[in-house]
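Hi everyone, thanks for making time this morning. I'd like to walk you through one structure, so let me put it up on the screen.

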Amino acid sequence: MHEMALMASMLEIIQDQARQEGFSRVLRVVLEIGRLSAVDPEAMRFAFDVGTQDSVAQGAELTIQETEGLARCISCGTEAQVLAFYDPCPACGRVPLEIVAGRDMRLVSLDVE
Ligand SMILES: [Zn+2]
């Protein structure tokens, strides 16, 4: 389950920020997960619950925002929502499309005290 490794590096970022900015507790974590990122939000929730134990984010609320996959056709310039990397262009049927959004996971914000 690669979500565990992703969460571990996410928590390192959070711990670093806690040291730099001097907060001791995280109340809420907002994550953005692209639908093309191959990250399973449910697995991420599980990894969060397990991974935050004994950390500054223990007991924090996790909010996950899923972003749609968005791609642009290299041939005709059409932009379309896609569910997979190799979905064909809805206008001209060609592949591949250039993915412009929805392939990453990122930390959007932290509520701290
Ligand atoms: Zn096209």
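Let's start at the metal site. The zinc ion is held by four cysteine sulfurs, the SG atoms of Cys73, Cys76, Cys89 and Cys92, at 2.3 Å. Please keep in mind that this is a predicted model. What is the geometry of the site? It is tetrahedral, with angles of 107 to 117° among the 4 donor atoms. If you follow the chain, the donors are spaced as C-x2-C-x12-C-x2-C. Take Cys76 and Cys92: this pair links distant parts of the chain, 16 residues apart. Cys76 sits in the loop between β3 (69–73) and β4 (79–82), while Cys92 sits in the loop between β4 and β5 (97–101). Are these two buried or exposed? Cys76 has 40% relative accessibility, so it counts as partly exposed. Cys92 is at 34%, and therefore also counts as partly exposed.

Now over to the sheet. Here we have an open sheet of 3 strands, in the order β2-β1-β6, with mixed pairing. Its edge strands are β2 (61–67) and β6 (105–112), each pairing on one side only. On average, neighbouring strands in this sheet are turned by 15° against each other, ignoring direction. Strand β1, residues 26–34, runs antiparallel to β6, and 7 bridges join the two. If you want a spot to zoom in on, Val29 stands opposite Leu110 in β6.

Finally, the helices. Helix α1, residues 2–21, lies across β1 and β6, at about 40° to β6. Helix α2, residues 41–51, lies across β1, β2 and β6, and runs at about 160° to β2.

That's my tour, and I'm happy to take questions!

Key: Residues numbered from 1 in each chain as written. Predicted model: local features only at pLDDT ≥ 70, side-chain atom pairs only at ≥ 80, totals over all residues. Heavy atoms only, no water. Pairing = 2+ DSSP bridges. Helix = DSSP H or I, 4+ residues; strand = E, 2+ residues; numbered from the N terminus. Axes fitted to C-alpha atoms, helices over the stretch in contact; angles between N-to-C directions. Contact = heavy atoms within 4.5 Å. Donors = N, O, S within 2.8 Å, 3.2 Å for Na, K, Ca; no water. Tetrahedral: all angles 85-135°; square planar, octahedral: opposite > 155°, others 65-115°. Buried < 20%, exposed > 50% of the residue type's maximum accessible area, 1.4 Å probe, protein only.
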